[in-house]
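Subject: Structure handed over, with notes on the ligand and the pockets

Dear colleague,

Please find the structure below, and after it the notes on the ligand and the pockets.

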Amino acid sequence: MADLVTEYIGLKLASPLVLASSALSNRLENLEMAEGHGAGAVVLRSLFEEQIEQANTQLEEELARGAESNPEAITYFPPQRVGPHEYLTLVERAKKALDVPVIASLNCSAPGSWTEYAKDIEQAGADALELNVYAVEADPKVSGAEIENRYLEIVGAVRKAIRIPIAVKLSPFFTSLGHFTARLDALGVNGIVLFNRFLQPDISLEKMAPVPAMTMSQPSEALLTLRWIALLHGRLKADLAASTGVHDGPGALKQILAGAKVVQLASALVRSGIPHLGKMLAAIEEWMDKHGYSSLDEVRGSLSQREIQDPGAFERAQYVHLILSQNI
Ligand SMILES: Cc1cc2nc3c(=O)[nH]c(=O)nc-3n(C[C@H](O)[C@H](O)[C@H](O)COP(=O)(O)O)c2cc1C
């Protein structure tokens, strides 16, 4: 029987399939179900920087009001960071209920006092923290270099604040992703999650207004992730996690062949239910048995850019070849 044990960001996982940060990973019963169907780890739904900042501001206002009426109030209740308590409670409950690693998630776009909240997450028992660095960067006055430096400042501050492993979840919209991931690597990041998937607003012709559109991913979207996992595998100390468009066992295997340590699943499980994860694992095992692999380490990265005969397959050379060969 194939061995699916996987080491990811210093954590030992029984399988490479991870419940992604999503609407599913906000509820304890879903986390337990994912573990029951073989998830190697779970990533909790993100807590947003704005939620923490808002809670901090409220506390400061309350303290200021209290200080006016009672000067000792500040001494009794020294200003301290308090974030949304529910999140820490979820971390604690998940840790108590599950044997698999629990990865907390913070969604952020700018450095700030909220970074200190990462310490509270660590203290609540999270095994690791995923930082989803996200902003739609459309200001013509702000250069790509400035944006990258801002992201690195966030990650650096969190890295200094906590000891547990950190994975950074990125969007695919970087001019030089190789360079940026190398800089993250140099900061001591333990994992890089490729990629976050943006929900793009649509325009309603009836309402004559932009409307939010919640769509699940399609398997074809996994190819972007596949390419970048294949390009980056073996070039970074950080582990790579694949996210976006993986819906079945073969899809997960391709990401592992490209070099992913783990594959995160959201849309597939929203669509087909959490038990689908178990079916995906069975498909992976069956393929490994059929092809004579006894462990995932033998499989992982064997089709990354570094390992294949034709390194151009993941680069522009292939694009040129493909375009020029089309005669319709
Ligand atoms: C309903 C839903 C909620 C999500 N919430 C979060 C979140 O809170 N934090 C986060 O980092 N990603 C979140 N995601 C993104 C997923 O983790 C994942 O990166 C993305 O959906 C692409 O993977 P998929 O193709 O498996 O869906 C969410 C996705 C869905 C579908």
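The notes below take the ligand first and then the pocket.

This is a predicted model, in which local features need pLDDT of at least 70 and side-chain atom pairs count only at pLDDT 80 or more, while totals for chains, interfaces and linings use all residues. Residues are numbered from 1 along each chain as its sequence is written, and side-chain values use heavy atoms, with hydrogens and water left out.

There are 19 residues around the ligand (a heavy atom within 4 Å), and those that come nearest are Ser21, Ser46, Asn132, Ser217 and Ser267. Among the polar contacts (pairs of N or O atoms within 3.5 Å), a polar side-chain atom of Ser267 lies 2.5 Å from a ligand oxygen, a side-chain N or O atom of Lys169 is 2.8 Å from a ligand oxygen, and Thr244 places a backbone N or O atom 3.4 Å from a ligand oxygen. Of the 600 Å² of accessible area that the ligand has on its own, the protein covers 91% (Shrake-Rupley method, 1.4 Å probe).

The ligand sits in the largest pocket (more than half of its atoms lie within 2 Å of the pocket's grid points). A pocket here is an open set of points on a 1 Å grid over the protein atoms alone, where a 1.4 Å probe fits, with protein on both sides within 12 Å along at least five of seven lines, and lining residues have an atom within 4 Å of a point. The largest pocket holds about 790 Å³ of space (the volume filled by probe spheres set on the points, which are joined across faces, edges and corners), and of its 33 lining residues Ser21, Ser22, Asn196, Arg197 and Leu199 are the closest to its centre.

Best regards

Conventions:
A polar contact is a pair of N or O atoms within 3.5 Å; within protein, one must be able to donate a hydrogen and the other to accept it, and residues adjacent in sequence count only if both atoms are side-chain atoms.
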